[in-house]
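Here's a quick briefing on a fold you may want open in your viewer. Have a look at the sequence and coordinates first, then read on.

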Amino acid sequence: MQTNWLFLSCLNMYWIFLSLVCMSFLQQPKSLDDFRWEKRIIVVFDSPGFDQTWIKSHQKELEERKLLLVHVSAGKIQWKNLEEELAEKSFVKLLQNLKSGENWLLIGLDGGIKNQGAGAVPMESLMRQIDSMPMRQSEIRRINGKDGM
């Protein structure tokens, strides 16, 4: 009786493990909509991309602001600051939202376009803009323990 219970327990653990492994391989690439209320996003199109030196020296600030950075060029995602696979089409489609001559945009947590422009991505300016947003202000208060809790 004890052997059967042990065998069934091991078999059950094996199936749980196997299910988890399979689920991790079967995850679909994340689309733009999957990041709503999860990440703020800066997408840059067909330009040199992001200043990698700046990004490396501001990693903590990017994480605090929940920023996903994506560089799209020639219809493909060339670089991102996230390990997860992204649904390329949803990011490439954003190109339709840019005004003529513009090559980058900022998307808020709500999925709306908050800013867009041409030339090098003004990261310092965008960080200040993000910090002035109501949801970010709420995050800052919560981090500082001043949210009335």
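Two strands count as paired if DSSP finds at least two bridges between them. On that basis, this predicted model has an open sheet of five strands, in the order S3-S2-S1-S4-S5 and with mixed pairing. A helix lies across part of the sheet, and two loop residues have a positive phi.

**The sheet**
- S3 (76-80) and S5 (113-117) sit at the edges with a single partner strand each, so one side of each has no neighbour in the sheet.
- From one strand to the next, the twist averages 20°.
- S1 (residues 40-45) and S2 (residues 67-73) run parallel, joined by six bridges.
- In that pair, Arg40 is found opposite Leu67 in S2.

**The helix on top of the strands**
- H5 (residues 123-132) lies across S1, S2, S4 (104-107) and S5, and runs at about 20° to S4.
- Met123, Leu126, Met127 and Ile130 are the buried ones to look at in H5.
- Looking down the axis of H5, its buried residues fall within an arc of 105°, so they line one face of the helix.
- An α-helix has 3.6 residues a turn, so residues three or four places apart point the same way.
- Arg128 and Ser132, on the other side of H5, are exposed.

**Backbone oddities**
- Most residues other than glycine have a negative phi.
- Asp46 has a positive phi, near 40°; it lies in the loop between S1 and H2 (52-57) and is exposed, at 52% relative accessible area.
- Lys66 also has a positive phi, near 55°; Lys66 is in the loop between H3 (59-64) and S2 and counts as partly exposed, at 30% relative accessibility.

Terms used:
Residues numbered from 1 in each chain as written. Predicted model: local features only at pLDDT ≥ 70, side-chain atom pairs only at ≥ 80, totals over all residues. Heavy atoms only, no water. Helix = DSSP H or I, 4+ residues; strand = E, 2+ residues; numbered from the N terminus. Axes fitted to C-alpha atoms, helices over the stretch in contact; angles between N-to-C directions. Contact = heavy atoms within 4.5 Å. Buried < 20%, exposed > 50% of the residue type's maximum accessible area, 1.4 Å probe, protein only. Arc of directions from axis to C-beta.
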